[in-house]
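Work through the exercises below with the sequence and the model side by side, and try each task before reading its solution.

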Amino acid sequence: MSPGCGHGAAALALVEGVVRETAPGAEVVTVMVGTLEDAERLAFPGSPTIRVHGLDVDPRPPGDVGLG
C-alpha cells in the first residue's frame, strides 16, 4: 500500500475480515511502498495491491509499476 492511498484502509479491513473468517490465526502483512524504487523492486502495480502467497488477487495481468 502506498502512503495516502484512499482505498488502503478499506482494503485492509476487508482482507482482515476475510482472514478472520477463513483462516483464523493467519498473519496479514502490510507492506508500505513509498518510493518508485520500492514499487519497481516489488513489481507493485498500484495501491492497494492484495497478494496471497505472493500472487495478486486481481485477475488482470499486471501493467506498469507505480505508486498510484
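The model is predicted, and the protein chain in it exposes about 5000 Å², of which carbon and sulfur atoms supply 59%.

**Exercise 1. Establish how many helices and strands the protein chain has, and in which pattern they follow one another along the sequence.**

Solution. Begin by counting the elements: the protein chain has two helices and two strands. Next, read along the sequence, where the pattern is α-α-β-β. Then turn to burial, for of the 68 residues of the protein chain 19% count as buried. Finally, consider how the contacts are distributed: among contacts in the protein chain with a separation of 6 or more, 48% are made by residues 24 or more positions apart.

**Exercise 2. Check whether the end-to-end distance of helix α1 agrees with its number of residues, and name residues in α1 that are buried.**

Solution. Helix α1 covers residues 8–22 and therefore has 15 residues. The expected span is 1.5 Å times one less than the number of residues, which gives 21 Å for α1. Since the end C-alpha atoms of α1 are 21 Å apart, the two values agree. As for burial, Gly8, Ala11 and Gly17 are buried in α1.

**Exercise 3. Determine where confidence in the protein chain is lowest and where it is highest.**

Solution. Start from the whole chain, which averages a pLDDT of 88, with 88% of the residues scoring at least 70. Then go to the elements: confidence is lowest in strand β2, residues 55–56, at a mean of 90, and highest in α1, at 95.

**Exercise 4. Find the salt bridge of the structure, and explain why its two partners can point the same way.**

Solution. The structure holds one salt bridge, and it is formed by arginine 41 with aspartate 38, whose closest N and O atoms are 3.2 Å apart. This distance lies within the 4 Å cut-off for a salt bridge. Both residues lie in helix α2, three residues apart, which is about one turn of the helix. An α-helix has 3.6 residues a turn, so residues three or four places apart point the same way. To complete the picture, compare their surroundings: arginine 41 is exposed, with a relative accessible area of 59%, whereas aspartate 38 is partly exposed, with a relative accessible area of 22%.

**Exercise 5. Examine the backbone of serine 47 and proline 48, then that of alanine 43 and histidine 53, and describe what is found at each place.**

Solution. First, a cis peptide bond joins serine 47 and proline 48, with omega at about 0 degrees, and proline 48 is placed in the loop between α2 (36–41) and β1 (51–52). Alanine 43 also has its place in the loop between α2 and β1; its phi is near 50 degrees, a positive value in a residue other than glycine. With a relative accessible area of 43%, alanine 43 is partly exposed. Moving on to the loop between β1 and β2, one finds histidine 53, whose phi is near 55 degrees, again a positive value in a residue other than glycine. Histidine 53 counts as exposed, at 83% relative accessibility.

**Exercise 6. Locate threonine 35, and state how many Å separate its C-alpha atom from that of serine 2.**

Solution. Threonine 35 is found in the loop between α1 and α2, where it is partly exposed, with a relative accessible area of 32%. Although threonine 35 and serine 2 are 33 residues apart along the chain, their C-alpha atoms are separated by 8.4 Å.

Technical notes: Residues are numbered from 1 along each chain as its sequence is written. This is a predicted model: local features need pLDDT of at least 70, side-chain atom pairs count only at pLDDT 80 or more; totals for chains, interfaces and linings use all residues. Side-chain values use heavy atoms; hydrogens and water are left out. Helices (H or I, at least four residues) and strands (E, at least two) are DSSP runs, numbered from the N terminus. Buried means under 20% relative accessible area, exposed over 50%, partly exposed in between (1.4 Å probe, protein chains only). Contact means heavy atoms within 4.5 Å. Accessible areas come from the Shrake-Rupley method with a 1.4 Å probe; for residues, only the protein chains shown count as cover. pLDDT is the predictor's confidence in each residue, from 0 to 100. A salt bridge is a side-chain nitrogen of Lys or Arg within 4 Å of a carboxyl oxygen of Asp or Glu.
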